[in-house]
Amino acid sequence: MISSIFEKTKPVNFIILLVFLFLFYWSVQFYLFDFEISEVHIVPSIGILSVVLFSVFVVDFIVKRNKLTGTNSYAILFFTLLFVVFPETLVDNKAILTSFFLLLAMRRLLSIKSLKNIKLKIFDAGLWICIASVFYEWALLYLLLVFAAIFIYEPKNIRNWLVILSVGFCCFMILYGILLLIDKPNFIQEHYDFAIDYDAIFPIQWWTSLKMTLYAVLNMAMAFSAFIHLSKSGVGKVIVMRLIAFSFIIGLVVNILVTSDNNNAVIITFFPSVVFIVNYLQSIKKPKFLELVVITSIIVPIIVYLVKL
């Protein structure tokens, strides 16, 4: 049974998924998008692929450390499968880097629930979000998630709110200093224009729109299911799930705002989506139905991808 393989955390699960993701990344580059070898910059591509592979470990660390799921490997399985569902994300290097830094921000934000070193965690989360915004300026919307975390856990301490200002000032000074060194002083003004490409958003392609709509609806349904089941587990888990749901909504908004012919940032919603999916799977009591869901989730995206080649 496939589900039994991923019901436990084993090193072999990481090996299987990392090898698959490694091969899948190159198949997307050379087969799905028909890039020639001369068109692919090997060294930068290896760097981006390394970020994708390392993201698998980060996702596993976050869900285990914060007990967002049980002790299984479903999170990394479905994180990998989402790349099969949205293979176009693997050619958007900016989206991959943005997603990685937002994962690091989420790691710090979710750890605020311990109520230890709150200011440091707020600063770290804000810093990672600012770094992510260097690739997609709309990633700054994730600062709303930081404000939400402060409001939930320690809103009366004014210094927590002031930390955000210090993060913005530090990031600006560091970035501006680097830009002066590389002789690109106008980058901030040109990059942070928060422009929206309406021509890319409104000529809706039916397949892309259908896929995104189904993706959003299914995640909302699974999130609703997760809230129902977690309501019996205490307020703490419900609050964490609210932050994750908020991050998913922000991710959808950012994905729409940065949409263009070369951009596809749906990858930034993969982490919250994985949390919803795994919590839904864990609520399934019938082993045979669970097995059917897992097998279908693996086979269908792969078949759809192969048909598109």
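**Exercise 1.** How many disulfides does the count come to?

*Solution.* The model is predicted. A disulfide here needs a pair of cysteine sulfur atoms within 2.5 Å. By this rule, the count is zero.

Take cysteine 130. The nearest cysteine sulfur belongs to cysteine 171, 3.7 Å away. Cysteine 130 is in no disulfide.

Now take cysteine 170. Its closest cysteine sulfur is also in cysteine 171, at 6.9 Å. That is too far for a bond.

**Exercise 2.** Classify cysteine 130 and cysteine 170 by accessibility.

*Solution.* Buried means under 20% relative accessible area, and exposed means over 50%. Cysteine 130 has 13%, so it counts as buried. Cysteine 170 has 29%, so it is partly exposed.

**Exercise 3.** Which secondary structure elements does the protein have, and is its radius of gyration close to or far from the globule rule?

*Solution.* Start with the elements. There are 14 helices and zero strands. From the N terminus on, every element in the run is α.

Next, compare radii. The radius of gyration is 20 Å, and the globule rule gives 19 Å for 309 residues. The two are close, so the protein is as compact as a globular protein of that length.

Then check burial and contacts. Buried residues make up 50% of the 309. Among contacts between residues at least 6 apart in sequence, 78% join residues at least 24 apart.

**Exercise 4.** Describe the surface and the charges.

*Solution.* The protein exposes about 16000 Å². Carbon and sulfur atoms supply 71% of that area. For charges, count 23 positive and 17 negative side chains. The centres of the two sets lie 23 Å apart.

Conventions: Residues numbered from 1 in each chain as written. Predicted model: local features only at pLDDT ≥ 70, side-chain atom pairs only at ≥ 80, totals over all residues. Heavy atoms only, no water. Helix = DSSP H or I, 4+ residues; strand = E, 2+ residues; numbered from the N terminus. Rg over C-alpha atoms; globule rule 2.2 N^0.38 Å. Buried < 20%, exposed > 50% of the residue type's maximum accessible area, 1.4 Å probe, protein only. Contact = heavy atoms within 4.5 Å. Areas by Shrake-Rupley, 256 points an atom, 1.4 Å probe, with all protein chains shown as cover. Lys, Arg positive; Asp, Glu negative; His and termini not counted. Charge placed at Lys NZ, Arg CZ, Asp CG, Glu CD.
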